[in-house]
Amino acid sequence: MGDTGGDGQHGRAAGPRRRADAVRNREQILAAAERLFAERDPGTVTMDAVAKAAGVGRATLYRSFPDPSSIAVALLDEHDRRLQQQLVYGPPPLGPGAPPAERLAAFYAGMLDLLRHHLPLALGAETGQARFETGAYGFWRVHVRTLLVDAGATDPDALIDIVLSPLAPELYRFQRFERGLSHERIEESLAELARRLLGA
């Protein structure tokens, strides 16, 4: 009886320890990956580099994430969720209560701010086809479609991705660092686009 009880206690203790180890490993992986995405071209970050920087084995890394893009998506999630909360519950014009054109302009500004502060992560997570497959992009599509419908767009479903296309991370990088446009100039231009597209 005593031996059985001891084994059960050991098993119960091992479970929380494994979970704590998994949480710690995940935190180490995310912190290391964020540094790597910031220090080098995000497209060159490899799983081997992340594992080495995080001080974990490849098997441990692959149990949590299948590829570098999924790590970048996890890092972006928290920032995306904050913006999503503002779109749903925040004050206008970002939140409900403002005309569609002003809400779209505010959404553009919010997304550009996210890109300004987290561009390496966005480039690691949302380039090419991968951009359209994230949960966040699905949320942005719903939001933009709502604004298009509210503004009376004839074919909102055909317009959604066109309206979102100026927010591609590669385009922001090109405009800022190859064309030399200021963040403020890009934001003002997108605000004008929003008002021309959805204004009365």
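## Surroundings of His-143

In this predicted model, His-143 makes contacts with Leu-87, Arg-103 and Phe-107, neighbours within four places in sequence being left aside. His-143 belongs to helix α6. Its relative accessible area is 9%, below the 20% limit, and His-143 is therefore buried.

Two of these partners recur in the packing of helices: Arg-103 and Phe-107 are among the residues that α5 contributes to its contact with α6, and His-143 is among those contributed by α6.

## Packing of α5 against α6

Two packed helices are described by the angle between their axes and the distance between the axes. For helix α5 (residues 100-125) and α6, the angle is about 155 degrees and the axes are 9 Å apart. Because angles over 145 degrees count as roughly antiparallel, α5 is roughly antiparallel to α6. The crossing of α5 past α6 is left-handed.

On the α5 side, the contact consists of Pro-100, Arg-103, Leu-104, Phe-107 and Met-111; on the α6 side, it consists of Trp-140, His-143, Val-144, Leu-147 and Asp-150. By class, the residues in this contact of α5 with α6 comprise 7 nonpolar, 1 polar and 2 charged.

## Packing of α6 against α7

Helix α6 (residues 135-150) also packs against helix α7 (residues 156-164): their axes come within 9 Å and cross at roughly 120 degrees. This angle makes α6 oblique to α7. Here the crossing is right-handed.

From α6, the contact draws on Tyr-137, Trp-140, Arg-141, Val-144, Arg-145, Leu-148 and Val-149. From α7, the participants are Pro-156, Asp-157, Leu-159, Ile-160, Asp-161, Val-163 and Leu-164. The contact of α6 with α7 contains 10 nonpolar residues, no polar ones and 4 charged ones. Trp-140 and Val-144 of α6 take part in the contact with α7 and also in the contact with α5.

## A cis peptide bond before α5

Most peptide bonds are trans. The bond that joins Pro-92 and Pro-93, however, is cis, with omega at about 5 degrees. Pro-93 is located in the loop between α4 (68-89) and α5.

## Confidence of the model

The average pLDDT of the protein is 88, and 90% of the residues score at least 70. Over residues 1-5, by contrast, pLDDT stays under 50, and the model has 0 contacts beyond four places in sequence for this segment. Where pLDDT is low, the predicted coordinates should not be read in detail.

Conventions. Residues are numbered from 1 along each chain as its sequence is written. This is a predicted model: local features need pLDDT of at least 70, side-chain atom pairs count only at pLDDT 80 or more; totals for chains, interfaces and linings use all residues. Side-chain values use heavy atoms; hydrogens and water are left out. Axes are lines fitted to C-alpha atoms, for helices over the stretch in contact, and angles run from 0 to 180 degrees between N-to-C directions. Helices (H or I, at least four residues) and strands (E, at least two) are DSSP runs, numbered from the N terminus. Angles under 35 degrees count as roughly parallel, over 145 as roughly antiparallel, 65 to 115 as roughly perpendicular and the rest as oblique. A crossing is left-handed if the near helix is turned anticlockwise from the far one by less than a right angle, and right-handed if clockwise. Contact means heavy atoms within 4.5 Å. Ala, Val, Leu, Ile, Met, Phe, Trp, Tyr, Cys and Pro count as nonpolar, Asp, Glu, Lys and Arg as charged, and the others, Gly among them, as polar. pLDDT is the predictor's confidence in each residue, from 0 to 100. Buried means under 20% relative accessible area, exposed over 50%, partly exposed in between (1.4 Å probe, protein chains only).
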